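Subject: Structure for you to look at

Hi,

Here is the structure I promised to pass on. Have a look at it first, and then read my notes below.

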Amino acid sequence: MNEITLSLNDETARLPANTTLADALDAWHYAERRVAVAINGEFVPRSAYAERVLGDRDRIDVVAPVGGG
């Protein structure tokens with residue numbers, strides 16, 4: 001099985017080739033959380049998670065909103 005290597009919040013991560021962003025977020029336990037995601041510095045809308053296939057050396061930034069007051 002081919003794998004890709006990418007950066008997840010500045011940490012090295014490996015996934016099977018042709019993994020979608022939705023599947024990656026599920027594998028990384030973000031699927032049930034409200035998060036914002038950027039790939040290579042570009043925001044990805046939630047509606048595109050299922051179609052966006054990750055590539056080797058992609059830089060993924062996952063940010064969870066922080067409540068404040």
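What follows is a short tour, from the whole chain down to a few single residues.

One thing before you start: this is a predicted model.

**The whole chain**

The chain has one helix and five strands. Going along the sequence, they come in the pattern β-β-α-β-β-β. The radius of gyration is 12 Å, close to the 11 Å that the globule rule gives for 69 residues, so the chain is as compact as a globular protein of that length. If you box in the C-alpha atoms along the principal axes, you get roughly 45 × 25 × 20 Å.

As for what is inside and what is outside, buried residues account for 33% of the 69 residues. The chain exposes about 4,700 Å², and 46% of that comes from carbon and sulfur atoms. I also looked at contacts between residues at least 6 apart in sequence: 49% of these join residues at least 24 apart.

**The sheet**

In what order do the five strands sit in the sheet? The order is S2-S1-S5-S3-S4, in an open sheet with mixed pairing. S2 and S4 are at the edges with a single partner strand each, so one side of each has no neighbour in the sheet. From one strand to the next, the twist averages 35°.

S3 (36–39) is a handy strand to follow on screen. With S5 (residues 59–63), S3 pairs in the antiparallel sense over four bridges. Look for Val-37, which stands opposite Val-62 in S5. S3 also runs antiparallel to S4, and three bridges join these two. Here Ala-38 is the residue to find, standing opposite Phe-43 in S4.

**The S3–S4 turn**

S3 and S4 form a hairpin with two residues between them. One residue to check there is Asn-40, in the loop between S3 and S4 (42–44). Asn-40 has a positive phi of about 55°, although it is not a glycine. With a relative accessible area of 40%, Asn-40 is partly exposed.

**The loop before the helix**

The other spot I'd point you to is the loop between S2 (11–16) and helix H1 (21–27), where you will find Thr-19. Asn-18 is in that loop between S2 and H1 too.

Is Thr-19 buried or exposed? Thr-19 counts as buried, because its relative accessibility is 10% and the cut-off for buried is under 20%. A polar atom of the Thr-19 side chain lies 2.5 Å from the backbone oxygen of Pro-16. Setting aside neighbours within four places in sequence, Thr-19 is in contact with Ala-24, Arg-52, Val-53 and Leu-54.

And what about Asn-18, buried or exposed? Asn-18 counts as exposed, because its relative accessibility is 64% and the cut-off for exposed is over 50%. Its backbone is worth a look as well: Asn-18 has a positive phi of about 70° although it is not a glycine.

If you want a quick route through the model, start with the sheet order S2-S1-S5-S3-S4, then go to Asn-40 in the loop between S3 and S4, and finish at Thr-19 in the loop between S2 and H1.

Cheers

Notes
Residues are numbered from 1 along each chain as its sequence is written. This is a predicted model: local features need pLDDT of at least 70, side-chain atom pairs count only at pLDDT 80 or more; totals for chains, interfaces and linings use all residues. Side-chain values use heavy atoms; hydrogens and water are left out. Buried means under 20% relative accessible area, exposed over 50%, partly exposed in between (1.4 Å probe, protein chains only). A polar contact is a pair of N or O atoms within 3.5 Å; within protein, one must be able to donate a hydrogen and the other to accept it, and residues adjacent in sequence count only if both atoms are side-chain atoms. Contact means heavy atoms within 4.5 Å. Two strands pair if DSSP finds at least two bridges between them. The radius of gyration is taken over C-alpha atoms; the globule rule is 2.2 Å times the number of residues to the power 0.38. Accessible areas come from the Shrake-Rupley method with a 1.4 Å probe; for residues, only the protein chains shown count as cover. Axes are lines fitted to C-alpha atoms, for helices over the stretch in contact, and angles run from 0 to 180 degrees between N-to-C directions.
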